[in-house]
Structures are given as structure tokens and as C-alpha cells.
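Visitor: Got a minute to walk me through this one? I'd like to start with the pockets, so tell me what counts as a pocket here.

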Amino acid sequence: MIQGKWFPPGDDLTAAVSVRRAVLGFDTDSLDPESWNVLVFEDSVPVATGRIWWSNGSFWLGDIAVLESHRGKHLGDLVLRLLLYKAQSHSAREVRLRCPRSLTGFFSRLGLSETHAADDSDVEMMIAGDRIDLDTCSRCPKKNCPNRHQA
């Protein structure tokens, strides 16, 4: 069973940090006291994480990580959707993130677009809060899908 759990600022982040350390190679940092972290469990095992925080008028997403042994199951997509939902539920004006250029395709599937290069290898991406669309079917190319709502 797949489950997601939120950890507000100040909560024990041991499980989230274990995934972060395994995938991204770092533990806690100065953003942890002000970030909401989400942790995805598969059969009670922590397998994916990400976080969201407020800075300079924007919500920022970061450190989305999925254990290598659990990739290919759309868990990264789930983490991203949970983070965007958190921003949307807090009436985000905009949501930003920095990521390696190689990951822009992953983030653009949910509407984030490149704003500028942060450096040679990283880019900054953004989506306006009123453009967040978590409806999977709205971008699906299938025309006769039984899950698509009929108008």
C-alpha cells in the first residue's frame, strides 16, 4: 500500500532524511526548520520524499527524492503532486524550484516552465498558483478513456 504523510516544521524528520541521504547525499540543513516535508511509504517503508517552504514571496519545492529500488512506480510524480497540492491549498501566488537541466521534462509535465538558468547545470522553474492543475486526465492524450469525464 502506498501512503503519504506530512511533517510540519519542527517534526522529527528522521525517516525523510534517511531517504534524502540515500538519494541526494545530505542530511538536515537550514531549510528544515521552515519546511513542510512529505514522505511516501510503500508497505510502511519510507521510499520517497520532498519538501516545500516559503521564501521571498514564493513557495519553493525541493529535494524530491525516490529510492532507486522504488523508481518507475510514479512515486516521484506523487511527491510532486502532493507538494503542489500543499501550495495550492495555501493559495500560492507562484511555486518555484531549482533542478538539474536533465529533470525539466519531469517538472514540465505538471506545468512548471523554465524561467532562467541558475548556473551552467541548474535551471529555475516556476508555475503560477492559478495554473496548478493536478487533474491527470486534463493532459492525457487518450480520447476514449473511461476515466475521462464527459462534458
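Guide: Sure. A pocket here is an open set of points on a 1 Å grid, with protein on both sides within 12 Å along at least five of seven lines. Its volume is the space filled by probe spheres set on those points. Keep in mind that this is a predicted model.

Visitor: OK, so how much space lies in the largest pocket?

Guide: About 710 Å³.

Visitor: Which residues lie nearest its centre?

Guide: D63, I64, C99, L103 and F107 do, out of 28 residues that line the largest pocket.

Visitor: And which element gives the largest share of the lining?

Guide: Strand 4, with seven residues. At least two lining residues each also come from helix 1 (14-24), strand 3 (45-55), helix 2, strand 5 and helix 3 (104-108); strand 4 itself covers 58-66.

Visitor: How does the lining divide into nonpolar, polar and charged?

Guide: You get 15 nonpolar residues, six polar and seven charged.

Visitor: Switching to charges, then. How many salt bridges does the structure hold?

Guide: The count is 12. There's a network among them, linking R20, D29, D32, R51 and D63. You've met D63 already, as one of the residues nearest the centre of the largest pocket.

Visitor: What does R96 pair with?

Guide: R96 has a salt bridge with E94, where the closest N and O atoms are 2.8 Å apart. R96 also forms one with E124, and there the closest N and O atoms are 2.6 Å apart. That second pair links distant parts of the chain, since R96 belongs to strand 5 (residues 94-100) and E124 to strand 7 (residues 122-128), 28 residues apart.

Visitor: Are R96 and E124 buried or exposed?

Guide: Both R96 and E124 are buried. E94 is buried as well.

Visitor: What about D77 and R81, what joins those side chains?

Guide: A salt bridge, at 2.7 Å from N to O. D77 and R81 are four residues apart in helix 2 (residues 75-89), so about one helical turn separates them. In general, an α-helix has 3.6 residues a turn, so residues three or four places apart point the same way. Here again both partners, D77 and R81, are buried.

Visitor: Stay on helix 2 for a sec. How far does it reach?

Guide: Helix 2 reaches 21 Å from its first C-alpha to its last, with 15 residues, and that is close to the 21 Å expected at 1.5 Å a residue.

Visitor: Which of its residues are buried?

Guide: L75, G76, D77, V79, L80, R81, L83, L84, K86 and A87. So K86 is a charged name to look for in that list, next to D77 and R81.

Visitor: What does L82 touch, leaving aside its sequence neighbours?

Guide: L82, which is found in helix 2, is in contact with W6, V38 and V40 once neighbours within four places are set aside. As for E94, 12 residues along the chain from L82, the two C-alpha atoms are separated by 16 Å.

Visitor: New topic: backbone angles. Where's D43, and what's its phi?

Guide: D43 is in the loop between strand 2 (36-42) and strand 3. Its phi is positive, near 50°, in a residue other than glycine. D43 is exposed because its relative accessible area is 53%, and the cut-off is over 50%.

Visitor: And N56?

Guide: N56 isn't a glycine, yet has a positive phi of about 50°. N56 is placed in the loop between strand 3 and strand 4, and is exposed, with a relative accessible area of 77%. You'll also find a positive phi, near 55°, at S91, which follows helix 2.

Visitor: Last two: G62 and H116. Why does G62 count as buried?

Guide: Its relative accessible area is 11%, and buried means under 20%, so G62 counts as buried. G62 sits in strand 4, and beyond its neighbours within four places it's in contact with G50, R51 and W53. R51 is also part of the salt-bridge network.

Guide: H116 lies in strand 6 (residues 113-117) and counts as partly exposed, at 41% relative accessibility. Leaving aside neighbours within four places, H116 is in contact with V123 and E124, and E124 is the residue that forms a salt bridge with R96.

Note on methods:
Residues numbered from 1 in each chain as written. Predicted model: local features only at pLDDT ≥ 70, side-chain atom pairs only at ≥ 80, totals over all residues. Heavy atoms only, no water. Salt bridge = Lys/Arg side-chain N within 4 Å of Asp/Glu carboxyl O. Buried < 20%, exposed > 50% of the residue type's maximum accessible area, 1.4 Å probe, protein only. 1 Å grid on protein atoms, 1.4 Å probe; cavity = no way out; pocket = protein on both sides within 12 Å on 5 of 7 lines; lining within 4 Å. Expected span 1.5 Å × (residues − 1). Contact = heavy atoms within 4.5 Å.
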